[in-house]
Structures are given as structure tokens and as C-alpha cells.
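Here's a quick look at some backbone oddities and ring contacts worth checking before you set anything up. Have the structure open while you read.

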Amino acid sequence: MRRRAGVPAVALAVVLLFGGCGLGGGMAFREDTRLSILEPADRATVPLPVTLRWTTEDIDLGSPGGPQRFAVFVDRAPLRPGQHLRALGDDDCERVPGCPDEAYLRERYVYLTTESSLVLESVPDQRSSNRTGAEDRHEAVIVLLDAEGRRMGEAAWSAEFSVDRGTEGPS
């Protein structure tokens, strides 16, 4: 049986040759520091209601062609870049003019605001129903929306936190 000693050498040469060429489709991954979430502190445990508070730099809401508001997604994936808020509607919503409106979105833990803070009166209970003392972990993701309700760019900012529900049992 003949050994293929050259195969590992060729594979190593390919890795060395193309390893630093950025074959990831030209995407430049870098942290976007224009928005900083101040509250809750990342991975903090907080009581309800939860106050989300952030500060921005170089984000001018309301500027022509620029972002018009923030969308905050709690415990759900945000819109994809360029995707419209209409993508969050179900079949029933599609039949109603003006849907999804802010009330519809709030029921699904999506919040629209032009402010740099938001109070969450409730969040879904993430505790396991069969585990005493299970953590109630959550994630809030903030993205920018244009005037039509489309997500602008790829930037997203998130904070993870747990809710202390006291002695309240899982619902």
C-alpha cells in the first residue's frame, strides 16, 4: 500500500497560503462603540421592573437619512439588517392595516423608542418549571431603525441580565 506523504504537506501549504487572506466574505468584524448600555450592568441580577438605560455617541436620531429610533428586542432575535418591522407580524397581523403597531410589538417583547432608556414592566419567565431556584436569564438587544421601520446596518448592542422574582414561583 502506497503512502500519500505529500497530502499533509499540500494541506499545510494551502492553510499557510490562504489563512490570512480574509476568506470570510469581506466582512470586517469590529465592535461598534457608538452605544453603551449603562443599566442593567451586564449579567446583573435585578428586580422587576427592569430599567434599560444607554448612552450614545455619534448617533443622531432624527437626522435626514439617519436612524429615527431604537428597537429593543427582549429574549428574541432582532430584525436582520435591512429587514422591516412588518417581518415580525404573523398571518393575522398581515390582514390588519397598520399592523404591526407598537402595542402588537410590545406583546412580543419588542419596544420602539426615541429615548435612551426603557422600563420593562415584565419579561417572559425563563425559569424551568421543575427546578427550584433556577435562574431567570434574559437578553435585551438594541438596533437602529430608519424612518420606514427598517433595521439600519449590522450594529447591535446587547445586555444580559437575570430577574430576581423573589419568592415568586415559576408560572
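R43 sits in the loop between β1 (35-39) and β2. This is a predicted model, and in it R43 takes a positive phi of about 65 degrees despite not being a glycine. R43 counts as exposed, because its relative accessibility is 59% and the cut-off is over 50%.

D58 also isn't a glycine and has a positive phi; you'll find D58 in the loop between β3 and β4. Here they are in a table:

| Residue | Phi | Relative accessible area |
|---|---|---|
| R43 | about 65 degrees | 59% |
| D58 | about 65 degrees | 68% |

Next, the cis peptide bonds. One joins L48 and P49, with omega at about -10 degrees, and P49 belongs to the loop between β2 (44-46) and β3. Another runs from C99 to P100, where omega is near 5 degrees. P100 is in a loop too, between α2 (91-94) and α3 (102-107).

Now for the rings. How many aromatic pairs does a search of the whole structure find? Just 1. The partners are W54 and F70, with ring centres 5.4 Å apart and planes at 75 degrees, so this pair is edge-to-face. W54 comes from strand β3 (residues 50-56) and F70 from strand β4 (residues 69-74), so the pair links distant parts of the chain, 16 residues apart. Are W54 and F70 buried or exposed? Both are buried.

One last ring contact involves a charge: R108 lies over the face of Y104, at 3.5 Å from the ring centre.

Definitions and conventions. Residues numbered from 1 in each chain as written. Predicted model: local features only at pLDDT ≥ 70, side-chain atom pairs only at ≥ 80, totals over all residues. Heavy atoms only, no water. Phe/Tyr/Trp six-rings, centres within 6.5 Å; stacked < 30°, edge-to-face > 60°. Helix = DSSP H or I, 4+ residues; strand = E, 2+ residues; numbered from the N terminus. Buried < 20%, exposed > 50% of the residue type's maximum accessible area, 1.4 Å probe, protein only. Lys NZ or Arg CZ within 6 Å of the ring centre and 35° of its normal.
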